[in-house]
Structure formats: C-alpha cells, structure tokens
Amino acid sequence: MIGAKLGAGREADVYEWDDSTVVKLYRAGFLGHRAEALALAKLDGRGVAPKLVDAVECDGRTGLVLERLGGADMLSLLQRQPWRVLGLARALADAHLAVHEAPAPGDLPELRQVLASRIADAVLPSHLRDYALRVLDALPDGDRLCHGDYHPGNVLVAADRVAVIDWPNAARGVPEADHARTLLLLRWTDPQPGTPLVSRPLITAGRSMFAHRYARAYRDRSLRRLRQPASWLVVQAAARLAEGIEVEQNTLIGFLDRTHQRPER
Ligand SMILES: Nc1ncnc2c1ncn2[C@@H]1O[C@H](COP(=O)(O)OP(=O)(O)O)[C@@H](O)[C@H]1O
Ligand SMILES: [Mg+2]
C-alpha cells in the first residue's frame, strides 16, 4: 500500500499513500503526531495546511494520512530560483500570519512552558540561563496556534497555494514567540553542512536579506503591533541551545551575552 518515500526526518518518514494523499509515519516512541493531528484538525478549511484525512497504524507506528500537496518546499525553491527571494519572503510571512489567526486547541502544550523546560536543558552559562528565564517570566501566555518550527523547509509552494507542513512542535502561545523562532532560524542557523565554502558568504548574504524581508512583511501585514519581539528573540535563542547544534553555539551565546550586557532602556 505504501508508495515512494518523499522525506525522512528525525521523528518520521513521509511516503506516498494513494493518488491524493501521503502518509507521515512516526517512528516508534515519538509522540509528535498528537500535536500534529490537533493542529491540522484546527486548521481544516483554512487552506494554509494539508487536510488531515485519517490516522492509521502501520507495523506498530502511527501514521497521519494527509492531503497530498503539489509544488516544492520553499527552501529548495530559494536555492533553485533565487530571483524569487522577495516574493517568497512575503509568502512566508503571509502564511505565518494566517496560521496565527487560528485559535490554538486547548490540548496543545503552552509554548512558554515548552520554552522554560528547553532553557533548563540548554548548555549555557548559568548567568545567561537565569537571564533568559527572567526575560521569559515577564512575557505573556497566549491562545494562538503556534507552529514551533516555522522555516522555509516546512512550507510547500505550488502555483496556486502555499501550505505549511510538519506540526509536531505545535503549541499555544503568542504569535511573537513563534515569529521570533523563525527570525532566529533565518538569521543565525548555519548553512547546510557540505555547502562548498565559496558559496557560503553568498548564502549568508541572501539569508540576511530574506530574513529582513520576511520580518518586514510580517510586521507590516500584521493587524496589530508586535509586542516585545526582542525579548522573545532572547528566549528563543536560549531555548535553541537545547538542540545541541555545536556550530551555532558561539553565535547564540554571543548574542545572549551582548543583549544581557546592554543597559536597560
Ligand atoms: N502533505 C504533503 N504533501 C506532499 N508532500 C509532503 C507532504 N507532507 C510532507 N511532504 C514531503 O515530505 C517531506 C518531509 O515532511 P515533514 O512533515 O516536513 O517532515 P520532516 O521534516 O520531519 O521529515 C517534505 O519536505 C515534503 O517533501
Ligand atoms: Mg520538515
């Protein structure tokens, strides 16, 4: 019944299922399908995510059967068609704003709590951990649907539709929190390992422009003023350190250090 493999990640593999669907098969022991199913059910009818068609069991693994989307993911489009950078940055912002219009299902975890436990686990000097937790303490809970890992690799772009996939980190929170993680990923995470060295600076330049355009489009097209975006960036940078990505550590700790030393205004 299962067809060709379309993708493989840490938590799950994605396969063709029938002509109009794919199945995302979670590895045994990974429970991200719960949050993914809740988020997709909530987004049903909004057009911004694939429809959740069914949940199945396959060899002891949970599979989510999803509407099959056409097009390519935005990350590979940016690599193949770099001249589309401005339009794609705007599309990334628009789809993110559309997600944040949805109220979060009550059963999703609170994003502030998720972030607090990541910061507790992160490898960072204790004064910076305390600083990040203090900043988080002063930030609000929210009731919006947050994706939790929103970046161009998780956005599929077809001629007539932009759709957001990969929801195991979905949570309840304020949009600014989710937006800050995207900015952090766009600005500071390293180019893919294996990228030839000469093209790295180009990628970095392209990235910073893409990040800037996404940030501007998100801010300008949001119906309300963004609250405390800089504080959310501090919290997300500290939480990211829990993912243990060695090449990012100096950049993230350097950012936290500079922000920590800046006098309060
Ligand atoms: N609904 C879908 N329709 C078509 N392709 C999909 C769909 N969902 C996922 N894919 C494919 O599978 C890949 C991985 O899916 P994703 O949900 O991002 O999981 P992960 O990043 O954990 O591997 C995507 O990049 C895409 O190529
Ligand atoms: Mg993904």
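Domain bounds, as the term is used here, come from an automatic or database domain assignment; the structure itself is a predicted model.

**Exercise 1. Work out which parts of the chain form the shell around ligand 1, and what kinds of residue it holds.**

Step 1. Start with the domains: domain 1 (5-67) and domain 2 (72-261) each contribute at least three residues to the shell.

Step 2. Turn next to the strands, where β1 (5-8) and β3 (21-26) each supply at least two shell residues, and β1 gives the most, with 3 residues.

Step 3. Sort the shell by class, which yields 8 nonpolar, 3 polar and 4 charged residues.

**Exercise 2. Identify the side chains that place a polar atom close to an oxygen atom of ligand 1, and state how much of the ligand is covered.**

Step 1. Among the 15 residues around ligand 1, those that come nearest are Lys 24, Glu 67, Leu 69, Asn 154 and Asp 166.

Step 2. A side-chain N or O atom of Lys 24 is 2.9 Å from an oxygen atom of ligand 1, while for a polar side-chain atom of Asp 166 the distance to a ligand oxygen is 2.9 Å, and for one of Asn 154 it is 3.2 Å.

Step 3. Of the 550 Å² of accessible area that ligand 1 has on its own, the protein covers 81%.

**Exercise 3. Describe the magnesium site and the setting of its protein donors.**

Step 1. Asn 154 (OD1) and Asp 166 (OD) coordinate the magnesium ion (ligand 2) at 2.1 to 2.2 Å.

Step 2. Because Asn 154 sits in the loop between β7 (144-146) and β8 (155-158), and Asp 166 in the loop between β9 (161-164) and β10 (171-173), the pair ties together parts 12 residues apart in sequence.

Step 3. Asn 154 counts as buried, at 5% relative accessibility, whereas Asp 166, at 25%, counts as partly exposed.

Note on methods:
Residues numbered from 1 in each chain as written. Chains lettered and ligands numbered in written order. Predicted model: local features only at pLDDT ≥ 70, side-chain atom pairs only at ≥ 80, totals over all residues. Heavy atoms only, no water. Near = heavy atom within 4 Å. Polar contact = N/O pair within 3.5 Å; in protein donor to acceptor, adjacent residues only side chain to side chain. Areas by Shrake-Rupley, 256 points an atom, 1.4 Å probe, with all protein chains shown as cover. Helix = DSSP H or I, 4+ residues; strand = E, 2+ residues; numbered from the N terminus. Nonpolar A, V, L, I, M, F, W, Y, C, P; charged D, E, K, R; others polar. Donors = N, O, S within 2.8 Å, 3.2 Å for Na, K, Ca; no water. Buried < 20%, exposed > 50% of the residue type's maximum accessible area, 1.4 Å probe, protein only.
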